[in-house]
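Please open the model in your viewer and keep the sequence panel visible. This tour proposes a series of selections and describes what is found at each one.

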Amino acid sequence: MRTLLILLFSVVPVVASPLSEALKAVAAKCQVDLRYASVSGCPEGEDGKVKAIIDADGMPKSLPDLVQAFASKDEKLSALSAGYLYTYRTSLGDALKNPKLVPAKTADACIKALAQNKTYVSYYAAEITAVLATLHKKEAALFKVLDAHPENATRNEGYRHAMYQGRLRVFDRIKKAALDTKREYLADAALNAPEYMYNYSEAEKAKICEWAKGFLKAENPRYTAYAARVLVLRCLGDYIDVVLDRAEELKNEGKLTNHPMREALTNFTFSCQAYMGSEPTGSQAQCARKEVLLRP
């Protein structure tokens, strides 16, 4: 009887999910850009069917199938899945508060797939890989893959989004990367990373904001601009005055007009009016100083 039961269970077919079947249909019938992960020319709306399933099921439930497809050796299936991972990268919803909604093994599989895919298209899966990895506190495995990845864009995108869920756990990595002068644009990604972290605690603010302030006089003007954005967008308060002080120095030197830091003083970054329920980031006094700085 035991042998019979084993035989019966061994021949039960594995039922593919609707999403995995829909992804395979896109690979079979549509045109897929293997570098930029775009999908076109679907004769029967296969692309739309995939999106409809993801929209209905939600990203947390869809992730295992998407990650499995991204890990596929079929380069079309892998590339198009990277595209969907990119399209829905900010749609994790409740999983950000309850990581159990996304199995830890899915994060492991995503990290492994990112390591396996060594082409540029892996860039499109880098952000969500970083988020899933840090959500499950697997940042050591993440950085091992990022540091070894042959695509600079993929590595940098992973670093850029590592603090979103990794926060101070990954800050030492970010600080080290910000001083890297050998790997292309890695320092830019590291200096940009704190901007993707929200709602700083006082402890986080003390460490991150003081660190960012140290780059306001960096030799590379891009680094100054990244630091200024972090201070104005995330640190707020007296840190905005520090940015304004530096901007005044640059204006007095005749350098502010064409300096990348000027972008940190725009209305989107440094607001002086309430917007969509958010209070202004600058005080009346700070906004008055800004207006003077932006005058021709």
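**First stop: T106**

Select T106 and display its surroundings: setting aside residues up to four places away in sequence, T106 touches L63, P64 and V67. T106 is found in helix α6. Is T106 buried or exposed? With 6% relative accessibility, T106 counts as buried, because the cut-off for buried is under 20% relative accessible area. Now add E151 to the selection. T106 and E151 are 45 residues apart in sequence, and their C-alpha atoms are 23 Å apart in space.

**The whole protein**

Please note that this is a predicted model. Zoom out to view the complete chain. The protein contains 16 helices and two strands. The C-alpha trace spans about 85 × 40 × 40 Å along its principal axes. Of the 296 residues in the protein, 48% are buried. Contacts across the sequence also deserve attention: among those between residues at least 6 apart in sequence, 68% join residues at least 24 apart.

**The nonpolar core and L23**

Which residues have the most contacts inside the largest nonpolar core? Select L23, M59, L63 and I174, which hold that place in a core of 90 residues. One of them, L63, was already met as a residue that T106 touches.

Next, keep L23 alone. Not counting residues up to four places away in sequence, L23 touches V50, D65, L66, A69, L77, L80, S81 and Y84.

**Helices α2 and α4**

Select residues 18-29 for helix α2 and residues 59-70 for helix α4. These two helices pack at an angle of about 35 degrees, and their axes are 9 Å apart. The crossing of α2 past α4 is right-handed. To see the contact itself, show the side chains of L19, S20 and L23 on α2, together with S62, D65, L66 and A69 on α4. Sorted by character, the residues of this contact are four nonpolar, two polar and one charged. L23 thus appears again, as a residue of α2 in this contact.

**Helices α8 and α9**

Move to a second helix pair by selecting residues 139-148 for α8 and residues 152-160 for α9. The axes of α8 and α9 come within 8 Å and cross at roughly 150 degrees. Because of that angle, α8 is roughly antiparallel to α9, the cut-off for this term being over 145 degrees. The crossing of α8 and α9 is left-handed. On the α8 side, the contact is made by F143, L146 and D147; on the α9 side, by T154, R155, G158 and Y159. The residues of this contact divide into three nonpolar, two polar and two charged.

Remain at T154, which lies in helix α9. T154 has 0% relative accessibility and therefore counts as buried. What is T154 in contact with, leaving aside its neighbours within four places in sequence? Display L114, T119, Y120, S122, Y123, A126, L146 and H149, which are its contacts on that basis.

**Loops and the end of the chain**

Select N98, in the loop between α5 (75-87) and α6 (104-116). N98 has a relative accessible area of 34% and is partly exposed. Add L135: N98 and L135 are 37 residues apart in sequence, while the distance from C-alpha to C-alpha is 9.3 Å.

The next two selections concern the backbone angle phi. Most residues other than glycine have a negative phi. Y185 lies in the loop between α11 (171-177) and α12 (186-192). Y185 is not a glycine, yet its phi is positive, near 60 degrees. Y185 is partly exposed, with a relative accessible area of 46%.

Proceed to N199, in the loop between α12 and α13 (202-213). N199 also has a positive phi, of about 55 degrees, although it is not a glycine. N199 is exposed, with a relative accessible area of 72%.

Finally, select R295, in the segment after α16 (284-294). Is R295 buried or exposed? R295 has a relative accessible area of 53% and is exposed. Add T257 to complete the tour: R295 and T257 are 38 residues apart in sequence, and 9.6 Å separates their C-alpha atoms in space.

Definitions and conventions. Residues are numbered from 1 along each chain as its sequence is written. This is a predicted model: local features need pLDDT of at least 70, side-chain atom pairs count only at pLDDT 80 or more; totals for chains, interfaces and linings use all residues. Side-chain values use heavy atoms; hydrogens and water are left out. Axes are lines fitted to C-alpha atoms, for helices over the stretch in contact, and angles run from 0 to 180 degrees between N-to-C directions. Helices (H or I, at least four residues) and strands (E, at least two) are DSSP runs, numbered from the N terminus. Angles under 35 degrees count as roughly parallel, over 145 as roughly antiparallel, 65 to 115 as roughly perpendicular and the rest as oblique. A crossing is left-handed if the near helix is turned anticlockwise from the far one by less than a right angle, and right-handed if clockwise. Contact means heavy atoms within 4.5 Å. Ala, Val, Leu, Ile, Met, Phe, Trp, Tyr, Cys and Pro count as nonpolar, Asp, Glu, Lys and Arg as charged, and the others, Gly among them, as polar. A nonpolar core is a set of buried Ala, Val, Leu, Ile, Met, Phe, Trp, Tyr and Cys residues joined through side-chain atoms within 4.5 Å. Buried means under 20% relative accessible area, exposed over 50%, partly exposed in between (1.4 Å probe, protein chains only).
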